[in-house]
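Biologist: I'm new to this, and I'd like to learn how to read a protein model. Could you walk me through one?

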Amino acid sequence: MEKEEKQAAERARVAARQRLVIGVGFWVQGFRLFPWLGVNFFLKDGMGVDASSLQILQASANLPMVAKPLLGLLSDAVPVRGHRRLPYVAIGALLQAISWLAIALWPAISLPVLTIFLLLSNFGASICEVANDAIVAEVGKLSTSSSGSGQLQSFAWMFGSSAGALGNLLGGIALSYFSPKVMFLFFAILLVLQFITTVAIPESSLKLPKAATNLSAISSIQRQIKELSCALCMPEMFWSIVWFSVSYAVIPFLLGTMFFYQTEVLKLDSSVIGLSKVFGQMTLLAWSMSYNKYFKAMSARKVLSVLQFVTALVMLSDVLFVQGIYRKIGIPDSIYTIIFSGLLEGLIFFKVLPFSVHIAKLCPAGCEGSVMAFVMSALALATIVSGYLGVALAAFMGVSGDNFSALPTCLLIEAACTMLPLCCSSLIKERREKVNKEE
């Protein structure tokens with residue numbers, strides 16, 4: 001009896017330590033929205049960047065995220081001092097800290113230099129996210145509960161969303177009193193603290209699966225590539241990822257254009273933009289809590305299709321907003337921007353949680369990091385394509401920093417493109433229960 005109590009206490013300590021690592025990792029990455037809000041205003045007001053250039057830079061800054069499959073392979077197959085996760089989190093935090101410190105302290109920084117450091121920052125963030133996602137997948141697989149993976153995904157999302165909400169709230173306030181460079185310096189200090197904390201925690205205390213020690217680095221990577229290829233050859237895995245990627249890539253996102261419209265035409269304050277993003281993060285937080293409680297039992301196809309449809313509806317609402325319909329019925333522009341623009345930014349990423357849980361259920365043991373990294377890479381590439389499509393659409397329709405007359409038409413096209421993936425939602429494949437039992 002005493003032995004069982006000790007084992008139960010040890011399991012509780014390990015679980016608490018695992019949740020601490022996951023919570024801190026996702027919280028710091030969620031708080032990245034704090035400096036990025038400052039980046040938008042720094043580019044627009046401090047460097048005089050126009051709307052199309054801003055959106056191109058925002059999309060291009062995500063290019064390092066496309067390298068996630070390679071980072072996932074390295075994390076799975078090449079341990080650092082015998083460990084495969086926390087050392088990579090520490091390396092990613094250090095790269096981000098160096099980048100934001102350089103941006104904050106570099107005198108009269110030019111746009112090319114700023115772009116390089118933003119790319120380096122996102123490269124560090126991609127390393128952290130790959131390792132954090134793999135920890136969640138591995139801990140979920142070790143859980144004795146069949147819902148363990150979904151609960152951990154929701155737990156991680158709650159931490160990330162709450163940090164994002166706090167970051168946007170503080171960012172909107174900070175921009176009224178400090179320069180964006182002060183925000184960059186503050187976040188760099190936070191990353192240094194994460195680096196120190198991560199280094200201080202031994203990965204062995206998390207009881208994660210051990211890395212194979214009888215294989216060379218090259219052999220391990222070859223084995224992981226083979227396992228990843230086998231996983232992606234599973235029809236339910238392959239076609240689900242195809243649909244998920246297409247559901248983003250076909251949409252010409254106009255977030256940068258709307259940011260300029262709200263700040264240049266409507267003259268909305270930075271605090272309103274910050275509150276809008278706070279509302280979006282709060283919806284993500286509420287979604288992560290409600291999904292685990294109410295929607296996790298529903299099929300992934302149904303949940304993802306409904307979210308795609310609701311996103312299109314909110315985009316249609318933006319058409320009425322730009323035409324001034326809501327203003328005429330007494331709804332201030334600031335209130336609409338806070339609620340509906342924030343909701344749209346949240347809705348864009350609502351699909352990530354149910355899809356991550358769906359893929360985690362399908363993912364074969366041993367290549368969780370590689371598969372989740374591939375999914376996030378596909379998402380990053382799809383959002384980059386959608387950002388470029390948004391720039392092309394705005395340029396084709398003649399929308400610029402001082403001419404927004406064609407913006408309603410652009411928004412209608414954006415909403416129509418959002419509906420297109422619903423025509424092929426049957427691509428979202430579910431693994432049959434019979435197959436699960438056989439395996």
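Modeller: Sure, and let's begin with a bit of vocabulary. Ala, Val, Leu, Ile, Met, Phe, Trp, Tyr, Cys and Pro count as nonpolar, Asp, Glu, Lys and Arg as charged, and the others, Gly among them, as polar. Keep in mind that this is a predicted model.

Biologist: Okay, so how do the residues of the lining of the second largest cavity divide?

Modeller: They split into five nonpolar, three polar and one charged. The cavity itself has a volume of about 40 Å³, and the search of the whole structure turned up two cavities of 30 Å³ or more.

Biologist: Which residues line the second largest cavity?

Modeller: Here's the list: Tyr 248, Ile 251, Phe 253, Gln 308, Thr 311, Leu 347, Ile 348, Lys 351 and Thr 418. Helix 13 (300-322) and helix 15 (333-348) are the elements that give two or more residues to that lining.

Biologist: Let's try a single residue. Where is Ser 247 found, and is Ser 247 buried or exposed?

Modeller: For this you need a cut-off: buried means under 20% relative accessible area. Ser 247 has a relative accessible area of 0%, so it is buried. It is found in helix 10 (residues 235-249).

Biologist: What does Ser 247 touch?

Modeller: Leaving aside residues up to four places away in sequence, Ser 247 touches Gln 308, Lys 351 and Pro 421. With Lys 351 there is also a polar contact, side chain to side chain, at 2.8 Å. You've met two of these names already: Gln 308 and Lys 351 are among the residues lining the second largest cavity.

Biologist: Now cysteines. How many disulfides does a search of the whole structure find?

Modeller: A disulfide is a pair of cysteine sulfur atoms within 2.5 Å, and the search of the whole structure finds zero. Take Cys 410: the nearest cysteine sulfur belongs to Cys 417 and is 11 Å away, and Cys 410 is in no disulfide. Cys 410 counts as buried because its relative accessibility is 1%. Cys 128, at 0% relative accessibility, counts as buried too.

Biologist: And what does a residue that isn't buried look like?

Modeller: Try Gln 151, in helix 7 (residues 148-177). Its relative accessibility is 34%, so Gln 151 counts as partly exposed. Beyond residues up to four places away in sequence, Gln 151 touches Asn 292 and Lys 296.

Biologist: How far apart are Gln 151 and Ser 205 in sequence and in space?

Modeller: They are 54 residues apart in sequence and 21 Å apart in space, going C-alpha to C-alpha.

Methods: Residues numbered from 1 in each chain as written. Predicted model: local features only at pLDDT ≥ 70, side-chain atom pairs only at ≥ 80, totals over all residues. Heavy atoms only, no water. 1 Å grid on protein atoms, 1.4 Å probe; cavity = no way out; pocket = protein on both sides within 12 Å on 5 of 7 lines; lining within 4 Å. Points joined across faces, edges and corners; volume = space filled by probe spheres on them. Helix = DSSP H or I, 4+ residues; strand = E, 2+ residues; numbered from the N terminus. Buried < 20%, exposed > 50% of the residue type's maximum accessible area, 1.4 Å probe, protein only. Polar contact = N/O pair within 3.5 Å; in protein donor to acceptor, adjacent residues only side chain to side chain. Contact = heavy atoms within 4.5 Å.
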